[in-house]
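Please read the following report alongside the sequence and the coordinates shown here. The sections below take up selected sites in turn.

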Amino acid sequence: MIQALSYIVVETPHLESWINQARDHVGMQIEVVEPNQCVRLRVDEKFQRFVITKIDGKATMGMGFEVAGKIELNKISKMLKQEGYAVTEGSQQELILRGVDDMFFFYDPDGVRIEVCYGLADADSQFESGRPIGGFRTGDMGLGHVALITEHFDKMSHLYRNIFGLKLSDHTEVPFRVEFLHCNPRHHTIGIAHTGGPAKIYHLMLEYNDFDDVGRAYDMALIDPDSIGVTLGRHINDHAISFYLKNPDGWMIELGWATRTIDSDWKVEELEGMSLWGHDRTWLPDNKREEARQILKKLSKKGQRAPVITTAQNSHN
Ligand SMILES: [Fe+2]
C-alpha cells in the first residue's frame, strides 16, 4: 500500500518568499520550471520533493504519496471509488512536472489534494543544497511527515489506516484526539488531530542529517522571532529535536534531527504529552501554553528522558 510521503504540491501567491526561505534558510535546491511561475524544490537525489506554482488566490498544500507500482495504484484507486471519492487521473503535463510514472488525485474529507503515484525519478544531477548543509534524511523513510488538523477525524483515520494501509504508532485523547501513523521506518508519516478548530495543514517535518544544521537554522530564525511557530524542543514520540518555522503561507516547516525508527514489533503507545522539553507553541492562547508547560514540568519531575539514536547517515563528518 502507501510506502512513503513522496512530495508536496503547493499553490501560493508568495512564490518569491517560498524560494528565498527554501533555499537560503532550509537549504533546499531550487529548479526553475517557469520563471516567476513554477519551481521544483529538491532535498535529495530525487527529481523533486516540492512542486510550487504561483497563483493569485488562496494558498493550498497537497501531498503526493508513493506506492510500489501500477497494481497498487489501481487497487487504491478502486478502493477510493468504492468509498465515494472522485478520483482523477493525472495529466501528462502533471506527470512530467513531477517526474513520476503515473499518478491520480482526489480530495480528502477536509478538501486537501492527495496524489497517489509511483516511480518518482532520480534527478540527472547531484543534489546541491541552497546553503552548506549535510543533507536531509529521506530514502526509505520518505520525505518526512505531515500533521493535519481535521474536522473529520474518523473519516481521515479510516482513509489513512484502512485504504492507504498506514499503521498506528501512538495516540492521545488529551488535550485533544491525535493519531500518529506509519508506513515505513519513519515513526510517523502522518499525524491527524481533532482540536475542534477548522481543518488546516499544521506542519511538514523535514529531517536534517546533522544536528548542527538544526542549530544554524534556529540561529537564522531567531533574527526574526515571529518566524518561530514552535521553539526548539524534543518530541516525546518520534524523539525529534526540532523547531517549527512559519512558511510564507502560514503553515509550518518543522526542522528536526535524529528521529527514532519503528519496526514490525512496535507496540502502540498512549502519549502523556507532545514533547519532553521545549516546543513552546507561540501561536497558542496563554492558558493552553500554560497547560503545556505544566505537562513538561510533570515529565521533568518524573525524570522522563529518551536516548539519542544517530544513524550512519549522520556520521559522515
Ligand atoms: Fe512533527
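## Cysteines

The sulfur of Cys183 lies 12 Å from the closest cysteine sulfur, that of Cys117, which is too far for a bond. The coordinates come from a predicted model, and in this model the count of disulfides is 0. Cys38 likewise takes part in no disulfide, since the nearest cysteine sulfur, again in Cys117, is 16 Å away, where a sulfur pair would have to lie within 2.5 Å to be counted. Cys38 is classed as buried because its relative accessibility is 6%.

## The iron site

Three protein residues supply donors to the iron ion, namely His145 through NE2, His203 through NE2 and Glu254 through OE, at 2.1 to 2.2 Å from the metal. Along the sequence these donor residues follow the spacing H-x57-H-x50-E. Of the donors, His203 belongs to strand E13 (residues 200–208) and Glu254 to strand E16 (residues 252–257), so that the pair, 51 residues apart, links distant parts of the chain.

Both of these strand residues are withdrawn from the surface of the protein chain: His203 counts as buried at 4% relative accessibility, and Glu254 counts as buried at 0%.

## Aromatic pairs and charges over rings

A search of the whole structure returns 14 aromatic pairs. In one of them, Phe105 and Tyr107, the ring centres are 6.1 Å apart and the planes meet at 85 degrees, so the arrangement is edge-to-face. Phe105 is buried at 11% relative accessibility, whereas Tyr107, at 43%, counts as partly exposed. In the pair of Tyr202 and Tyr244, the ring centres lie 6.0 Å apart and the planes stand at 40 degrees, which makes the pair tilted because that angle falls between the limits of 30 and 60 degrees. This pair also links distant parts of the chain, with Tyr202 in strand E13 and Tyr244 in strand E15 (residues 241–246), 42 residues apart; Tyr202 and Tyr244 are both buried.

Beyond these pairs, Phe65, Tyr85, Phe106, Tyr160 and Phe164 form one aromatic cluster. Two rings also carry a charge over them: the charged end of Arg113 sits over the ring of Phe105 at 3.7 Å from its centre, and Lys200 lies over the face of Trp283 at 5.4 Å from the ring centre.

## Helices H1 and H4

His25 is part of helix H1 (residues 15–26) and is buried, with a relative accessible area of 11%. Leaving aside residues up to four places away in sequence, His25 touches Asn20, Arg131, Tyr208, Ala217, Met220, Ala221 and Leu245.

In helix H4 (residues 153–163), the buried residues include Phe153, Met156, Ser157, Leu159, Tyr160 and Ile163. An α-helix has 3.6 residues a turn, so residues three or four places apart point the same way. Tyr160 in this helix is also a member of the aromatic cluster described above, and just after H4, Gly165 adopts a positive phi of about 80 degrees.

## The E2–E3 hairpin

Strand E2 (residues 29–34) pairs with strand E3 (residues 38–42) in the antiparallel sense over 5 bridges, and the bridge partner of Glu31 in E3 is Arg40. The two strands form a hairpin with 3 residues between them, and Asn36 in the turn has a positive phi of about 60 degrees.

Key. Residues numbered from 1 in each chain as written. Predicted model: local features only at pLDDT ≥ 70, side-chain atom pairs only at ≥ 80, totals over all residues. Heavy atoms only, no water. Donors = N, O, S within 2.8 Å, 3.2 Å for Na, K, Ca; no water. Helix = DSSP H or I, 4+ residues; strand = E, 2+ residues; numbered from the N terminus. Buried < 20%, exposed > 50% of the residue type's maximum accessible area, 1.4 Å probe, protein only. Phe/Tyr/Trp six-rings, centres within 6.5 Å; stacked < 30°, edge-to-face > 60°. Lys NZ or Arg CZ within 6 Å of the ring centre and 35° of its normal. Contact = heavy atoms within 4.5 Å. Pairing = 2+ DSSP bridges.
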